[in-house]
Each structure stands twice: as structure tokens, then as C-alpha cells.
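Trainee: Hey, got a minute? I'd like a walk through the charged pairs in this one.

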Amino acid sequence: TFCIEGDYGVEMPYQAIDSVFVMETMPEIKYTKDGYSVFGNKKGLFRLKDGSDATFYLLGKQPPYLKMYTNGGLVFVNRKTTAETEQLIEELKPKIGEKFIE
């Protein structure tokens, strides 16, 4: 199970993840639907500039970011530091296999 703790946290089985992409930039956000954005942290549901919705679990401002297509919709994830996000990537790769697209 892929687990994100804290405010707006979520648990989802790895099978619920359709694909994961590593991104260096974030999409533009139009507004917050149900969440917050403070000091680079973004958690909750946001409306993107293209009109779609995405859930954010961002703990830091530095890339990389994980763009995950899941059964529950589009999700963006990162950790406080680049090194922590890279560690998360390495942990995910063997669990989701070919769904990880670099």
C-alpha cells in the first residue's frame, strides 16, 4: 500500500496507480478547492489552470515531483528534500514496475 500521512493523507494499493512520471516543474494552479498552500507545501485538492483537478501532497519546493495517475485521479507528490523524493522514487520502482515512466 502506498501511504501518505498527515493532513489530507491517503492510503492506496499499488494496483490503484496507473502510471508515475518524474517531473521537474509543476503545473500552474488556478485555485485551491479543498486544501492549503503554505511556504511551498501544498496539500489537498486544487484546480489546475487547464481546468482539471489534482490532489497535491507536496512537502517541499524542490523538484523532482511525482505525477501519479491513480484510480482516484491525478496526484502530485514530493518530499521535503530532493534526496528524500529520490529515495521515494527508488522505493516505488520495484513495487509498480513498468507503470513507472521516466
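Mentor: Sure, one term to begin with: buried means under 20% relative accessible area, exposed over 50%, and partly exposed in between (1.4 Å probe, protein chains only). Also, this is a predicted model, where local features need pLDDT of at least 70 and side-chain atom pairs count only at pLDDT 80 or more, while totals for chains, interfaces and linings use all residues. Residues are numbered from 1 along each chain as its sequence is written, and side-chain values use heavy atoms, leaving out hydrogens and water.

Trainee: Okay, how many salt bridges are there in the whole structure?

Mentor: Four. A salt bridge here is a side-chain nitrogen of Lys or Arg within 4 Å of a carboxyl oxygen of Asp or Glu.

Trainee: Which residue does Glu90 pair with?

Mentor: Lys93, with the closest N and O atoms 3.5 Å apart. Both sit in helix α1 (residues 82-96), three residues apart, about one turn of the helix. Helices (H or I, at least four residues) and strands (E, at least two) are DSSP runs, numbered from the N terminus.

Trainee: And why does Lys93 count as partly exposed?

Mentor: Because its relative accessible area is 25%. Glu90 is partly exposed too, at 48%.

Trainee: Switching topic: what does Asp53 bind to?

Mentor: Asp53 meets Lys33 in a salt bridge, 2.9 Å from N to O. That pair links distant parts of the chain, with Asp53 in strand β6 and Lys33 in strand β4, 20 residues apart.

Trainee: What about Glu28 and Lys49, buried or exposed?

Mentor: Both are exposed, and they form a salt bridge at 3.4 Å between the closest N and O atoms.
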